[in-house]
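Here are some short exercises to work through with the structure open beside you. Try each task yourself before you read its solution.

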Amino acid sequence: MNKKVLILLAGIIVVIGAIFGFAQLNQPKKDETIKQGTLTVGLEGTYAPFSYHDDSGKLVGYEVDMAKAIGKKLNMKVTFVQTKWDSLIAGLGSDRYDAVINNIGIRPDREKNYRMSEPYLYSKSVLIKRSGETDLNSLADIKGKTMAQSLTSNYGQVAQQKGANIKAVAGIVEAMNLITTNRADGSLNDQGAFAAWKKANPDADLTTVDISKDIQSVPTGVLMNKKNAALQKDMNKAISELKKDGTLTKLSKKYFGMDLSHD
């Protein structure tokens with residue numbers, strides 16, 4: 001084999017190697033997502049305005065739109081898996097999805113066992129009660145009261161710490177039903193979530209007490225498996241870009257009527 005042929009073959013090998021390397025750089029790592037090129041997201045789908053179904057049955061909401069925007073930044077297709085709150089995080093551990101995007105508060109215990117993205121939303125807290133209820137005017141007043149809460153949520157933990165009697169619920173719809181039917185005294189929850197519920201139930205005789213000074217805004221992040229360091233890095237980059245280009249502010253104002261993308 002002459003020298004010219006060897007040089008030509010060497011050149012072809014270099015080009016093939018470069019093309020292969022470029023392709024590899026632009027493909028998600030095998031351990032990053034369950035399905036190559038797809039970001040599978042776990043959420044409730046019954047928690048307006050975060051994720052819910054509109055009148056046509058389509059899955060919509062702040063976190064649905066945000067997840068799709070993240071998918072575009074990552075050049076990945078986004079699919080959604082719906083499940084109840086109490087089994088949502090467990091589903092992440094059993095690899096049903098790559099990430100949970102469901103108003104998950106960033107807490108030390110979660111960061112110890114999972115990976116969390118940088119914050120994308122700062123929720124405001126309210127105490128929900130019947131309009132005629134005169135004994136619930138502050139967070140301290142819930143001691144000894146029956147509060148409808150999800151046991152594994154941030155608000156459920158606060159209610160327990162403050163000495164309330166907890167009546168476990170799957171989500172805000174069940175909690176509001178218990179309050180309106182006098183089976184619970186109140187509930188701690190997110191201001192935006194209650195506003196969306198109240199809009200859909202304008203005749204419900206419920207009101208709120210602002211307790212944001214007692215429960216500071218809780219930063220919300222994307223929850224991921226501990227093994228997915230690469231996905232966490234990419235997720236943070238995507239969220240940072242969505243903050244800078246105004247996407248998160250736009251979505252927040254659309255669904256909450258205010259900008260909750262910053263503390």
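A salt bridge is a side-chain nitrogen of Lys or Arg within 4 Å of a carboxyl oxygen of Asp or Glu. Keep in mind that the model is predicted.

**Exercise 1. Find how close Lys145 and Asp135 come, and say whether each is buried or exposed.**

Step 1: The closest N and O atoms of Lys145 and Asp135 are 3.7 Å apart, and the pair forms a salt bridge.
Step 2: Locate the partners: both Lys145 and Asp135 sit in the loop between S8 and strand S9 (146–149), ten residues apart.
Step 3: Buried means under 20% relative accessible area. Lys145 has 18%, so Lys145 counts as buried. Asp135, at 44%, counts as partly exposed.

**Exercise 2. Work out which parts of the chain the salt bridge between Asp245 and Lys73 ties together.**

Step 1: Here the closest N and O atoms are 3.2 Å apart.
Step 2: Asp245 belongs to the loop between helix H8 (229–244) and helix H9 (247–256), while Lys73 is in helix H2 (residues 62–74), so their pairing ties together parts that are 172 residues apart in sequence.
Step 3: Both ends are partly exposed, with a relative accessible area of 41% for Asp245 and 36% for Lys73.
Step 4: Now widen the view: Lys73, Lys237, Glu241 and Asp245 are joined into one network by salt bridges that share partners.

**Exercise 3. Decide whether Asp185 and Arg130 are buried or exposed, and place them in the chain.**

Step 1: These two side chains meet in a salt bridge, 4.0 Å from N to O.
Step 2: Asp185 lies in the loop between helix H6 (172–180) and strand S11 (186–190), and Arg130 in strand S8 (residues 125–130), so the pair links parts 55 residues apart in sequence.
Step 3: Asp185 and Arg130 are both buried.

**Exercise 4. Describe how H6 and H7 pack.**

Step 1: The axes of H6 and helix H7 (residues 191–200) are 11 Å apart, at an angle of about 65°.
Step 2: Angles of 65 to 115 degrees count as roughly perpendicular, so H6 is roughly perpendicular to H7.
Step 3: The crossing of H6 past H7 is right-handed.
Step 4: Look at the side that H6 offers: Ile172, Val173, Met176 and Thr180 meet Ala193, Phe194 and Trp197 in H7.

**Exercise 5. Judge how confident the prediction is.**

Step 1: The average pLDDT is 88, and 88% of the residues score at least 70.
Step 2: Over residues 14–30, though, the pLDDT is below 50.
Step 3: Where pLDDT is low, predicted coordinates should not be read in detail.

Technical notes
Residues numbered from 1 in each chain as written. Predicted model: local features only at pLDDT ≥ 70, side-chain atom pairs only at ≥ 80, totals over all residues. Heavy atoms only, no water. pLDDT = per-residue confidence, 0-100. Contact = heavy atoms within 4.5 Å. Helix = DSSP H or I, 4+ residues; strand = E, 2+ residues; numbered from the N terminus. Buried < 20%, exposed > 50% of the residue type's maximum accessible area, 1.4 Å probe, protein only. Axes fitted to C-alpha atoms, helices over the stretch in contact; angles between N-to-C directions. Parallel < 35°, antiparallel > 145°, perpendicular 65-115°, else oblique. Left-handed = near helix turned anticlockwise from the far one by under 90°.
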